[in-house]
Amino acid sequence: MRVWIDADACPRAAKDLVIKFALKRKFEVVLVAGQGQVKPAFACVRLVVVPSGPDAADDYLVENAVPGELVICSDVPLADRLVKKGVAALDPRGREFDERNMGERLAVRNLLTDLRDQGQMGGGQAAYGDRERQAFSNSLDRLLTKLSRG
C-alpha cells in the first residue's frame with residue numbers, strides 16, 4: 001500500500017496524520033512537491049521534488065500512482081485525472097473524490113473560479129481546523145481499510 005500526497009497544497013496537519021497512520025499500518029508515504037520541503041525523518045516517508053513547471057507535480061502523481069493506492073490532493077482537476085485512472089483520491093478535508101461526484105465537483109470548482117476571476121467572490125478555503133482534521137482522519141481510516149481489503 002502506498003499513499004501519495006500533493007505536498008505543496010496539503011496542510012501540515014493532514015500530512016502529519018497520514019504519516020501517523022503509515023507508522024501504525026506499515027505503508028509508504030510519498031510526498032510529491034514542486035519545491036523543496038523538509039522530509040519527515042521516518043523510513044516510511046519519501047520526498048520527490050519534481051522540476052518546477054505548471055502541473056509538474058500533478059503529472060508525476062498521475063503517471064506514478066496506480067489503482068489500489070491513494071492520493072491526497074485538493075486539486076479537483078488532478079483528482080479527476082486520478083479517478084479516471086482508477087486511483088482513489090481524498091482531499092485533506094475528508095471529502096472523497098469518486099466517479100459519482102467528479103462531475104459536480106468539477107462544475108462547482110469551475111463556477112467558483114469564474115466568480116473569483118470576475119471579482120464577485122474572494123479568497124479560497126476556510127482555515128484548516130479540528131473539524132476538518134477529524135473529518136479527514138475518519139475518511140482516511142475508512143479508505144485505507146477499504147483499499148487494504150482489495
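**Exercise 1. In which loop is proline 92 found? Work out its surroundings too.**

Step 1. Some ground rules: this is a predicted model, where local features need pLDDT of at least 70, side-chain atom pairs count only at pLDDT 80 or more, and totals for chains, interfaces and linings use all residues. Residues are numbered from 1 along each chain as its sequence is written, and side-chain values use heavy atoms, with hydrogens and water left out.

Step 2. Proline 92 sits in the loop between S5 and strand S6 (96–97). Helices (H or I, at least four residues) and strands (E, at least two) are DSSP runs, numbered from the N terminus.

Step 3. With 3% relative accessibility, proline 92 is buried. The cut-offs are under 20% relative accessible area for buried, over 50% for exposed, and partly exposed in between (1.4 Å probe, protein chains only).

Step 4. Now list the contacts, meaning heavy atoms within 4.5 Å. Setting aside neighbours within four places in sequence, proline 92 meets Cys10, Pro11, Ala14, Ile72, Cys73, Ser74, Tyr128, Glu132 and Phe136.

Step 5. Turn to phenylalanine 136: not counting residues up to four places away in sequence, its contacts include Ala14, Ile72, Leu90, Pro92 and Tyr128.

**Exercise 2. Trace how S1, S2 and S3 are put together.**

Step 1. Start with S1 and S2, which run parallel and are joined by 5 bridges. Two strands pair if DSSP finds at least two bridges between them. Valine 3 faces valine 29 in S2.

Step 2. Add the helix: S1, helix H1 (residues 12–25) and S2 form a right-handed β-α-β unit. Right-handed here means that, with the strands pointing away from the viewer, the path from the first strand over the helix to the second runs clockwise.

Step 3. On to strand S3 (residues 45–49), which runs parallel to S2 with 5 bridges between them. Leucine 31 has leucine 47 in S3 as its bridge partner.

Step 4. Check burial: 5 of the 6 residues of S2 are buried.

**Exercise 3. Find the nonpolar cores and see what feeds them.**

Step 1. A nonpolar core is a set of buried Ala, Val, Leu, Ile, Met, Phe, Trp, Tyr and Cys residues joined through side-chain atoms within 4.5 Å. The largest one has 25 residues, and Val18, Phe27, Val29, Leu70, Ile72, Phe136 and Leu140 have the most contacts inside it.

Step 2. The elements giving two or more residues to this core are S1, H1, S2, S4, strand S5 (88–90) and helix H5 (130–148). H1 supplies the largest share, 6 residues.

Step 3. Apart from this core lies another, of 21 residues, among them Val48, Leu61, Val71 and Cys73.

Step 4. Look at helix H2 (residues 56–64): Ala56, Ala57, Asp58, Leu61 and Val62 are buried there. Their cover includes strand S1 (2–6), strand S2 (28–33), strand S4 (70–72) and helix H3 (76–85).

**Exercise 4. Explain the disulfide count, then check confidence.**

Step 1. The count is 0, a disulfide being a pair of cysteine sulfur atoms within 2.5 Å.

Step 2. Cysteine 10 can't bond because the closest cysteine sulfur, in cysteine 73, is 9.3 Å away. For cysteine 44 the closest is that of cysteine 10, at 15 Å, again too far for a bond.

Step 3. Both are buried: cysteine 10 has a relative accessible area of 8%, and cysteine 44 is at 17% relative accessibility.

Step 4. Finally, pLDDT is the predictor's confidence in each residue, from 0 to 100. The protein chain averages 90, with 91% of the residues scoring at least 70. Confidence is lowest in helix H4 (residues 102–117), at a mean of 70, and highest in S4, at 98.
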